Amino acid sequence: MEQKVQSAKKRELMYWYLASRGVPKSLHCLCLKLAEEYAVNAMARSCLPPPEHVSRLADTSFNHIVLLTDNVLAASVVISSTVENAANPEKLVFHIVTDKKTYSPMHAWFATNRLKSAVVEVKGLHQYDWSQEVNVGVKQMLEIHHLICSHYYNNLKENDLEYGGEHQNFLEALSPSCLSLMNHLRIYIPELFPELNKIVFLDDDVVVQHDNIIFVDIGSQWENRWCRR
């Protein structure tokens with residue numbers, strides 16, 4: 001019975017991985033519509049933030065919040081809940097970093113649904129001038145994880161799920177979070193925002209309910225974490 005329970009857990013992990021590889025139809029259609037809006041609507045391509053607020057992006061007197069995400073709706077929920085529950089939303093500056101594929105939909109969404117108080121910046125990874133060291137580091141991490149995924153996914157047979165031991169680690173290696181570029185870029189936040197010394201990093205599955213933000217110094221702490229990684 002215990003072996004069957006363990007086998008069921010492993011099957012669940014495998015099927016969860018397969019399901020998570022697909023994008024829900026509703027979200028996929030939303031991104032396509034927003035990408036089209038970006039192409040045909042001048043307002044969807046307008047500057048984020050507006051020119052009069054650009055100076056806030058590097059102003060350390062404001063509270064800077066960073067999101068690394070490729071999910072438009074999730075980013076909207078995080079930012080909306082933060083602004084709604086903040087004691088001083090006019091002091092908030094949101095920096096959204098996304099991939100090249102999602103940049104146009106993300107920009108179109110926040111350009112056409114502007115916040116009245118806080119400032120939002122949307123930036124694609126293709127717009128950064130990466131150093132050679134960062135380029136090599138990110139590339140190596142992604143290559144390693146994709147090799148692991150391909151190896152275990154292609155060689156994992158259905159019967160293997162009936163046995164315990166090493167196969168559990170194989171399945172965990174297929175987790176999408178291990179392959180996410182956004183996930184790996186967290187340790188490079190100091191390189192993304194070299195002009196800032198304090199930020200709040202929020203995952204895209206967060207809903208803020210209270211104004212109780214603690215800012216951390218990313219200078220030495222992030223440098224030490226980068227060294228450990």
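Guide: Two strands pair if DSSP finds at least two bridges between them. Keep that in mind while we walk through this predicted model.

Visitor: Fine. How many bridges join strand 2 and strand 3, and in which sense do they pair?

Guide: Strand 3 covers residues 119-124, and it pairs with strand 2 in the parallel sense over 6 bridges. To see the register, find H95, which stands opposite E121 in strand 3. The chain gets from strand 2 to strand 3 through helix 4, in a right-handed β-α-β crossover.

Visitor: And what joins strand 1 to strand 2?

Guide: Again bridges: 6 of them, between strand 1 (residues 63-68) and strand 2, and these two run parallel. Here the register marker is H64, opposite V93 in strand 2. Strand 1, helix 3 and strand 2 together make a right-handed β-α-β unit.

Visitor: With partners like that, how many residues of strand 2 are buried?

Guide: For burial, the cut-off is under 20% relative accessible area. Strand 2 spans residues 92-98, and 7 of its 7 residues are buried, so the rest of the structure largely encloses it.

Visitor: Which residues point each way from strand 2?

Guide: L92, F94, I96 and T98 point one way, while V93, H95 and V97 point the other way. Residues on both sides are buried.

Visitor: Let's do helices. What span should helix 3 have, and what does the model give?

Guide: Helix length is a quick sanity check. Helix 3 runs over residues 72-85, 14 residues in total, and at 1.5 Å a residue it should span 20 Å. The C-alpha atoms at its ends are 20 Å apart, so the model agrees. You can do likewise with helix 4: its 13 residues reach 19 Å from first C-alpha to last, close to the expected 18 Å.

Visitor: What happens at the start of helix 3?

Guide: Look for a side chain reaching to a backbone nitrogen. A side-chain oxygen of N71 comes within 3.3 Å of the backbone nitrogen of L73.

Visitor: Which residues of helix 3 are buried?

Guide: V72, A74, A75, S76, V78, I79, S81, T82 and V83. Let's follow one of them, S76. Its relative accessible area is 13%, so it counts as buried. Beyond its neighbours within four places in sequence, S76 is in contact with W109 and F110. Both W109 and F110 are among the buried residues of helix 4.

Visitor: T102 is in helix 4 as well. Is T102 buried or exposed?

Guide: Buried: T102 has a relative accessible area of just 2%. A polar contact of 2.7 Å joins its side chain to that of D99. Not counting residues up to four places away in sequence, T102 touches D70 and V72. V72 is one of the buried residues of helix 3.

Visitor: Now strand 3, where V122 is found. What does V122 touch?

Guide: Leaving out residues up to four places away in sequence, the partners are L48, I96, Y103, M106, H107, F110 and Q127. Four of those names, Y103, M106, H107 and F110, appear among the buried residues of helix 4, and I96 belongs to strand 2. V122 is itself buried, with a relative accessible area of 5%. For a distance to check in your viewer, V122 and S104 are 18 residues apart in sequence and 9.4 Å apart in space, C-alpha to C-alpha.

Visitor: L48 came up there. What kind of peptide bond joins L48 and P49?

Guide: A cis one. Omega tells you, and here it is about -5°. P49 sits in the loop between helix 2 (25-40) and strand 1.

Visitor: Last topic: confidence. Which elements have the lowest and the highest mean pLDDT?

Guide: Helix 10 (residues 220-228) has the lowest at 38, and strand 2 the highest at 95. Over residues 214-229, pLDDT stays under 50, and the model has 27 contacts beyond four places in sequence for that stretch. Where pLDDT is low, don't read the predicted coordinates in detail. The protein as a whole averages 79, with 72% of the residues scoring at least 70.

Visitor: And the overall tally: how many helices and strands does the protein have?

Guide: There are 10 helices and 5 strands. Of the 229 residues, 37% are buried. Among contacts with a separation of 6 or more, 78% come from residues 24 or more positions apart.

Note on methods. Residues are numbered from 1 along each chain as its sequence is written. This is a predicted model: local features need pLDDT of at least 70, side-chain atom pairs count only at pLDDT 80 or more; totals for chains, interfaces and linings use all residues. Side-chain values use heavy atoms; hydrogens and water are left out. Helices (H or I, at least four residues) and strands (E, at least two) are DSSP runs, numbered from the N terminus. The expected span of a helix is 1.5 Å times one less than its number of residues. Buried means under 20% relative accessible area, exposed over 50%, partly exposed in between (1.4 Å probe, protein chains only). A polar contact is a pair of N or O atoms within 3.5 Å; within protein, one must be able to donate a hydrogen and the other to accept it, and residues adjacent in sequence count only if both atoms are side-chain atoms. Contact means heavy atoms within 4.5 Å. A crossover is right-handed if, with the strands pointing away from the viewer, the path from the first strand over the helix to the second runs clockwise. pLDDT is the predictor's confidence in each residue, from 0 to 100.
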